[in-house]
Amino acid sequence: MRLIIQVSTAAPSAERPLPQGLFWAETPNLEQKLCAEHQRLCEVFCRTDQTCICWLCTEKEHKSHDTVSAEAERSVKQKQLGETQTEIQQRIQERLNEIEELKKAVESLKRSACIEIKESEKIFTELIRSIEKIHTEVIELIGANEKAAVNQAEGRMKKLEQEIAELRRRNTELKHLSETEDHIHFLQNFQSLCAPPEAGDLPSVTVNTDISFGAVRKAVSELKDHIEDFCKGELVKITKTVNEVAVYSLQAPEPRNRAEFLKYSCQLTLDPNTAHRELCLSEGNRKVTWRRETQRCADDHPERFDRYTQVLCREGLSGTRCYWEIECSGGGADIGVTYKGISRKGVDHSCRLGCNDKSWSLRCSSSSYTALHNNNETAITAPRSPRIGVYLHFNAGTLSFYGVSDTMTLLHRFQTTFTEPLYPGFWLPSSGSSVTICQLN
């Protein structure tokens, strides 16, 4: 039995079916796979010009260029495609989780507002007719704050759903591209489809579910006792109290103790590609020690610090709150964060944590602390702590350092506006000194 496969660029239809025993397969136009210069099949990829070429091109126009087979280049870019797919899938799950949390928070806010409105109504029904106008104003005030909070949260959910839809659409396109067996088709569409997804950062929104109108209720009760003589003054008090309750505050309060800080704990690992050659990484890349002996490195990576004994973490932090803890031994260390663009080569200030406008750090010596940013130093008087907690609230623009013990002692807080992801990093000042990223989970 003979199996005939017919390849056509036109799909079969009811008016033009394929003969029995023939199969239709989608393929790019043959002309798109031919070299425009030599009219030969493109089987090579020029990395220098990022284009598909034929074998004759490698002997002429692209003779001195970096060329590989289309299949080899496909395998490299296939890996990049997989990484992009993984990132998109993670982003989808994060957004779905955030939507679920917002829905629960909004429902809680509605129930709380409903309960408090009813309680206020019970008090107002006991008042004389002369304060019925004030009664209405207070109810409207509570409802307006509730509506503002709900509208803000629902607007956020709508944007999240739009982003998820776009990510899913793109993920489908990438899946189709990943499964194609045609290397040329893959390479010709790779650039347009496999660009990294936009950050899509949206303002952090957290609905305050611990709303209490007890203060409002108390003010209304006092108004009942004072009656008409104090109506105007008490109305001002009620309005002020409602606003202070912050019904529409969509930002969770700052942590007050270590247990609350730990809710924002994140996993960090040191990046070997950034580590100075005399730094030794251990404990699953969570500890770094200065050995004063050159470590084995695969290459002189462009992201490696070549003069300062510094190392950065792999993880870039942005758009959220993060908390981690550090233990130092030996001669202390500089603990900080930096934008990825910090210089890595040389000994000028552009390479050192805290000594430029791209980084912020806390210098921990055996007897003192110093905060550094843009080469400005701030001396800190505080008891020595064996463990340092670092709290980053990216959207609020705060970076705080704490001494961790039975209580959290604020050592220093930087207030600024962060514009790029931040990478935690460390500088070790002397041989034998070490830094360990503590395991918090």
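**Figure 1. Pairing of strands β10 and β11 in the predicted model.** In this predicted model, strand β10, comprising residues 333–339, runs antiparallel to strand β11, comprising residues 359–364, and 6 bridges join the two. One residue pair can be located in the view: Thr338 has Ser359 of β11 as its bridge partner.

**Figure 2. The open sheet of 6 strands that contains β10 and β11**. The strand order is β8-β17-β10-β11-β12-β13, with antiparallel pairing. Strands β8 (310–312) and β13 (376–380) stand at the edges. Each of these edge strands has a single partner strand, so one side of each lacks a neighbour in the sheet. On average, and with direction ignored, neighbouring strands of this sheet are turned by 20° against each other.

**Figure 3. The open sheet formed by β4, β3 and β5**. This sheet consists of 3 strands in the order β4-β3-β5, and its pairing is antiparallel. The edge strands, β4 (51–53) and β5 (67–69), each pair on one side only. From one strand to the next, the twist averages 35°. Strand β3, residues 44–46, is paired with β4 in the antiparallel sense over 3 bridges. Within this pairing, Ile53 of β4 is the bridge partner of Val44.

**Figure 4. Placement of helix α2 across strands β3 and β5**. Helix α2 spans residues 70–124 and lies across both strands. With respect to β5, the helix runs at about 90°.

**Figure 5. The crossing of helices α2 and α4**. The axis of α2 comes within 10 Å of the axis of helix α4 (residues 183–193), and the two axes cross at roughly 50°. Angles of 65 to 115 degrees count as roughly perpendicular and those under 35 degrees as roughly parallel; α2 and α4 are therefore oblique to each other. The crossing in which α2 passes α4 is left-handed. On the α2 side, the contact is made by Ala70, Glu71, Glu73, Arg74, Lys77, Gln78, Gln80 and Leu81. On the α4 side, His183, Ile184, Phe186, Leu187 and Phe190 take part. Classified by residue type, the contact of α2 with α4 comprises 6 nonpolar, 3 polar and 4 charged residues.

**Figure 6. A salt bridge between Arg169 and Glu166**. The side chains of these two residues meet at a distance of 2.3 Å, N to O. Arg169 and Glu166 both belong to helix α3, which covers residues 132–179. The two positions are 3 residues apart, about one turn of the helix. The structure as a whole holds 20 salt bridges.

Definitions and conventions
Residues are numbered from 1 along each chain as its sequence is written. This is a predicted model: local features need pLDDT of at least 70, side-chain atom pairs count only at pLDDT 80 or more; totals for chains, interfaces and linings use all residues. Side-chain values use heavy atoms; hydrogens and water are left out. Two strands pair if DSSP finds at least two bridges between them. Helices (H or I, at least four residues) and strands (E, at least two) are DSSP runs, numbered from the N terminus. Axes are lines fitted to C-alpha atoms, for helices over the stretch in contact, and angles run from 0 to 180 degrees between N-to-C directions. Contact means heavy atoms within 4.5 Å. Angles under 35 degrees count as roughly parallel, over 145 as roughly antiparallel, 65 to 115 as roughly perpendicular and the rest as oblique. A crossing is left-handed if the near helix is turned anticlockwise from the far one by less than a right angle, and right-handed if clockwise. Ala, Val, Leu, Ile, Met, Phe, Trp, Tyr, Cys and Pro count as nonpolar, Asp, Glu, Lys and Arg as charged, and the others, Gly among them, as polar. A salt bridge is a side-chain nitrogen of Lys or Arg within 4 Å of a carboxyl oxygen of Asp or Glu.
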